[in-house]
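Student: I would like a close look at a single part of this model, taken slowly and set against the rest of the chain.

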Amino acid sequence: MPEPEQQQASQQEQQQETDAERRRRRAQFLRDLAEARELRDRVQPRRAKTARLRHAMRMRTFRW
């Protein structure tokens, strides 16, 4: 049976590995999401322009 210190160290290594995998998956998801948004903006330019104008108005009226 592994000693508690060794067991804890192996759990931390697995956790770090899992975190790295999670970050990789998240980065891939965000790239895919950005690509999908760009595609939607190209396919629906009127809607994209409206969304940009709405976002600009929201940013202008946002209070820090």
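Student: What span should the 17 residues of helix H2 (residues 45-61) have at 1.5 Å a residue, and how many Å apart are its end C-alpha atoms?

Tutor: Bearing in mind that this is a predicted model, we can begin with the length of the helix and then turn to its surroundings. At 1.5 Å a residue, the expected span of helix H2 is 24 Å, and because its end C-alpha atoms lie 24 Å apart, the two values agree. As for burial, which here requires a relative accessible area under 20%, one of the 17 residues of H2 is buried, so the helix lies largely in the open. For the protein chain, buried residues amount to 2% of its 64 residues, and the exposed surface comes to about 6,800 Å², of which carbon and sulfur atoms supply 51%.

H2 belongs to a chain with two helices and zero strands, and helix H1 covers residues 4-43. Arginine 23 lies in H1, and together with Arg22, Arg24, Arg25 and Arg26 this residue forms a surface patch of positive charge. Aspartate 32 is also found in helix H1, but its charge contributes to a patch of the negative kind, where Asp32, Glu35, Glu38 and Asp41 gather on the surface. With a relative accessible area of 38%, aspartate 32 is partly exposed, a class that falls between the buried limit of 20% and the exposed limit of 50%.

Definitions and conventions
Residues numbered from 1 in each chain as written. Predicted model: local features only at pLDDT ≥ 70, side-chain atom pairs only at ≥ 80, totals over all residues. Heavy atoms only, no water. Patch = residues over 30% accessible without salt bridge, like charges linked within 9 Å, V, L, I, M, F, W, Y side chains within 5 Å. Areas by Shrake-Rupley, 256 points an atom, 1.4 Å probe, with all protein chains shown as cover. Salt bridge = Lys/Arg side-chain N within 4 Å of Asp/Glu carboxyl O. Lys, Arg positive; Asp, Glu negative; His and termini not counted. Charge placed at Lys NZ, Arg CZ, Asp CG, Glu CD. Helix = DSSP H or I, 4+ residues; strand = E, 2+ residues; numbered from the N terminus. Expected span 1.5 Å × (residues − 1). Buried < 20%, exposed > 50% of the residue type's maximum accessible area, 1.4 Å probe, protein only.
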